[in-house]
Amino acid sequence: MARKSKIAKANKLKKKFIQAIADGRKPKNATKVFNNCSICGRTRGYLGKFDICRICFREKANAGELPGVRKSSW
C-alpha cells in the first residue's frame with residue numbers, strides 16, 4: 001500500500017513539473033521531483049534507461065525478462 005501511494009505521489013509531482021515547464025513558467029518545487037522505480041518505488045540505484053532500480057533490474061535480467069540483456073561472464 002505504501003509503495004503504491006509513494007509511486008502515485010511521485011508521478012503526480014512529475015506531471016505538475018512537466019505541466020509548469022510546458023506553460024512556460026518556473027516549476028514551484030523542482031527539487032522534489034525525483035525518479036522512482038516503476039515496480040517497487042525505490043529512489044536509489046535508479047537506472048533511467050530501463051526505468052527501474054538496480055535490484056529489480058537484476059531480478060528481471062536473471063529471469064530473462066529484459067530483451068538484449070545478458071549476464072556477463074569472463
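Which residues make up the largest nonpolar core? The legends below begin with that core and refer throughout to a predicted model.

**View 1. The largest nonpolar core and the surroundings of C37.** In this predicted model, the largest nonpolar core is formed by five residues, namely C37, C40, I52, C53 and C56. When neighbours within four places in sequence are left aside, C37 is in contact with three other members of that core, I52, C53 and C56, and also with I7, R42, Y46 and D51.

**View 2. Helix α1 and its two sides.** Helix α1 comprises 21 residues, from 2 to 22, and spans 30 Å between its first and last C-alpha atoms, close to the expected 30 Å at 1.5 Å a residue. Within α1, the residues I7, A10 and A20 are buried; seen down the helix axis, the buried residues fall within an arc of 150°, and they therefore line one face of α1. The other side of α1 carries the exposed residues K4, K9, K12, K15, K16 and A22. Just after the helix, G24 adopts a positive phi of about 85°.

**View 3. The buried residue N36 in the loop between α1 and β1.** N36 is found in the loop that runs between α1 and β1, the latter being residues 46-47, and with a relative accessibility of 6% this asparagine counts as buried. Neighbours within four places in sequence being left aside, the contacts of N36 include K6, I7, A10 and K14, of which I7 and A10 are buried residues of α1. N36 is also in contact with G41, R42, T43, Y46 and D51; among these, R42, Y46 and D51 are likewise contacts of C37.

**View 4. The aromatic pair F50 and F57.** One aromatic pair is present in the structure. Its partners are F50 and F57, whose ring centres lie 4.9 Å apart and whose planes meet at 50°, so the pair is classed as tilted. F50 is partly exposed, its relative accessible area being 32%.

**View 5. The two salt bridges.** Side chains of opposite charge can pair when their charged atoms come close, and a search of the whole structure finds two salt bridges. One of them joins D23 to R25, with 3.6 Å between the closest N and O atoms, and here D23 is partly exposed at a relative accessible area of 46%. The other links K60 with E65, the closest N and O atoms being 3.1 Å apart, and K60 is also partly exposed, with a relative accessible area of 27%.

Notes. Residues numbered from 1 in each chain as written. Predicted model: local features only at pLDDT ≥ 70, side-chain atom pairs only at ≥ 80, totals over all residues. Heavy atoms only, no water. Core = buried A, V, L, I, M, F, W, Y, C linked by side-chain atoms within 4.5 Å. Buried < 20%, exposed > 50% of the residue type's maximum accessible area, 1.4 Å probe, protein only. Contact = heavy atoms within 4.5 Å. Phe/Tyr/Trp six-rings, centres within 6.5 Å; stacked < 30°, edge-to-face > 60°. Helix = DSSP H or I, 4+ residues; strand = E, 2+ residues; numbered from the N terminus. Expected span 1.5 Å × (residues − 1). Arc of directions from axis to C-beta. Salt bridge = Lys/Arg side-chain N within 4 Å of Asp/Glu carboxyl O.
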